[in-house]
Amino acid sequence: MISIIQAAGWPIWPLIICSILGLAFIVERFVQLKSARILPPQILDEAIGVSQNGVPGPDTVAQLQQHSALGEVLAAGWRAINTNPRCTEDEMRGAMEAAGRTVAHRLERYLPALATIASAAPLLGLLGTVIGMIEIFGSQAPSGALSGGNPAQLAHGISVALYNTAFGLIVAIPTLIFWRYFRARVDGYVLGLELAAERFARHLEPLCPGSARQGAGL
C-alpha cells in the first residue's frame, strides 16, 4: 500500500483524506441510525397508555424525551400541554412538528458530507490523472519523440494517472452506495415519525386545556 501511495504521488493524498472521512461518517451513521434509537416498537403505545387520563409530570416527560428520537417528538406534545395552561390543539401540534423537524435534521447529519465525497472523489482522481499526463508530456524531449524522453519519468507519470483514477473510483463508489442507503433509511424513519406523531396528536387533542375551554364556552 505504501508503495502504491508513493507511486501515485501527492494527488492521492486528498483522496486518502476523503476515504478516511467517508469511513468515519459511515460508521457513525450506522451507530446513530439504529432502529432502537429512532423508532422503538412499543414506545408509542406505552406513551398513549400512560396519558390515558391526563398528561404525566415533568419527570416522565423528560424520561420519554431521552428515550429515543420518537420519544423526543412525543414528549414535545406532553410538554406543550404541561407548560401552557391554555394550550390548544394547534399549539400542541406545532410543538411536535418543531421537535420533528429538529429530529429529522439530526438524522440527516453527515449525509451531505457523504454526498460531497461521492461527487468529489472522481474529480480528485481526474485531477491526479491530468497531473500524471502533464508529467508524461513534460518528461519528453523537446522534439516530442517518445524515444528521446526519460523512460522512468514516463512510467511514473503513467502510474500517477492510473493510480489516482482507480483510487478515486474506489472511494466514490462505496460512498455513493452508502449515501443512498442512509438516505433511504432516513426517509423511512421520517415517515414513521410523522405517522406516529399524527396518531399521538389525535390522542392528545382531548387533553389540550385550550380546546376544552373552547368546547365548554360553546
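How many helices and strands does the chain have? It has ten helices and zero strands. The model is predicted. Along the sequence, the pattern reads α-α-α-α-α-α-α-α-α-α. The chain has 218 residues, and 38% of them count as buried. Take the contacts in the chain with a separation of 6 or more: residues 24 or more positions apart account for 78% of these.

**Helix 6 with helix 7**

- Helix 6 covers residues 69-83, and helix 7 covers residues 89-107.
- The two pack at an angle of about 155°, and their axes are 8 Å apart.
- Angles over 145 degrees count as roughly antiparallel, so helix 6 is roughly antiparallel to helix 7.
- Their crossing is right-handed.
- On the helix 6 side, the contact is made by Ala69, Glu72, Val73, Leu74, Ala76, Gly77, Ala80 and Ile81.
- On the helix 7 side, it is made by Met92, Ala95, Met96, Ala99, Gly100, Thr102, Val103 and Arg106.
- Sorted by class, this contact has eleven nonpolar, three polar and two charged residues.

**Helix 4 with helix 6**

- Helix 4 spans residues 43-50.
- Helix 4 packs with helix 6 at an angle of about 20°, with the axes 10 Å apart.
- Angles under 35 degrees count as roughly parallel, so helix 4 is roughly parallel to helix 6.
- The crossing of helix 4 and helix 6 is right-handed.
- Helix 4 brings Ile43, Leu44, Ala47 and Val50 to the contact, and helix 6 brings Leu70, Gly71, Leu74 and Trp78.
- By class, there are seven nonpolar residues, one polar residue and no charged residues in this contact.

**The nonpolar core**

- The largest nonpolar core holds 44 residues.
- Which residues have the most contacts inside this core? They are Leu64, Leu74, Trp78, Met92, Met96, Leu107 and Phe200.
- Two or more core residues come from each of helix 2 (12-32), helix 4, helix 5 (58-65), helix 6, helix 7, helix 8 (111-138) and helix 9 (151-204).
- Helix 9 gives the largest share, twelve residues.
- Leu74 belongs to the core, and Leu74 also takes part in the contact of helix 6 with helix 7 and in that of helix 4 with helix 6.
- Met92 and Met96 belong to the core and also take part in the contact of helix 6 with helix 7.

**Trp78**

- Trp78 is one of the core residues with the most contacts inside the core.
- Neighbours within four places in sequence aside, Trp78 is in contact with Ala47, Val50, Ser51, Val55, Pro56, Thr60, Val61, Leu64, Phe200 and Leu204.
- Among these partners, Ala47 and Val50 are helix 4 residues that meet helix 6.
- Leu64 and Phe200, two other partners, are also among the core residues with the most contacts.

**Glu91**

- Glu91 lies in helix 7.
- Is Glu91 buried or partly exposed? Its relative accessible area is 40%. The partly exposed range runs between 20% and 50%, so Glu91 is partly exposed.
- Ile81 and Glu91 are ten residues apart in sequence, and their C-alpha atoms are 8.7 Å apart.
- Beyond its neighbours within four places in sequence, Glu91 is in contact with Asn84 and Arg86.

**Tyr110**

- Tyr110 sits in the loop between helix 7 and helix 8.
- Its phi is near 70°, a positive value in a residue other than glycine.
- Most residues other than glycine have a negative phi.
- Tyr110 counts as partly exposed, at 27% relative accessibility.

Key
Residues numbered from 1 in each chain as written. Predicted model: local features only at pLDDT ≥ 70, side-chain atom pairs only at ≥ 80, totals over all residues. Heavy atoms only, no water. Axes fitted to C-alpha atoms, helices over the stretch in contact; angles between N-to-C directions. Parallel < 35°, antiparallel > 145°, perpendicular 65-115°, else oblique. Left-handed = near helix turned anticlockwise from the far one by under 90°. Contact = heavy atoms within 4.5 Å. Nonpolar A, V, L, I, M, F, W, Y, C, P; charged D, E, K, R; others polar. Core = buried A, V, L, I, M, F, W, Y, C linked by side-chain atoms within 4.5 Å. Buried < 20%, exposed > 50% of the residue type's maximum accessible area, 1.4 Å probe, protein only.
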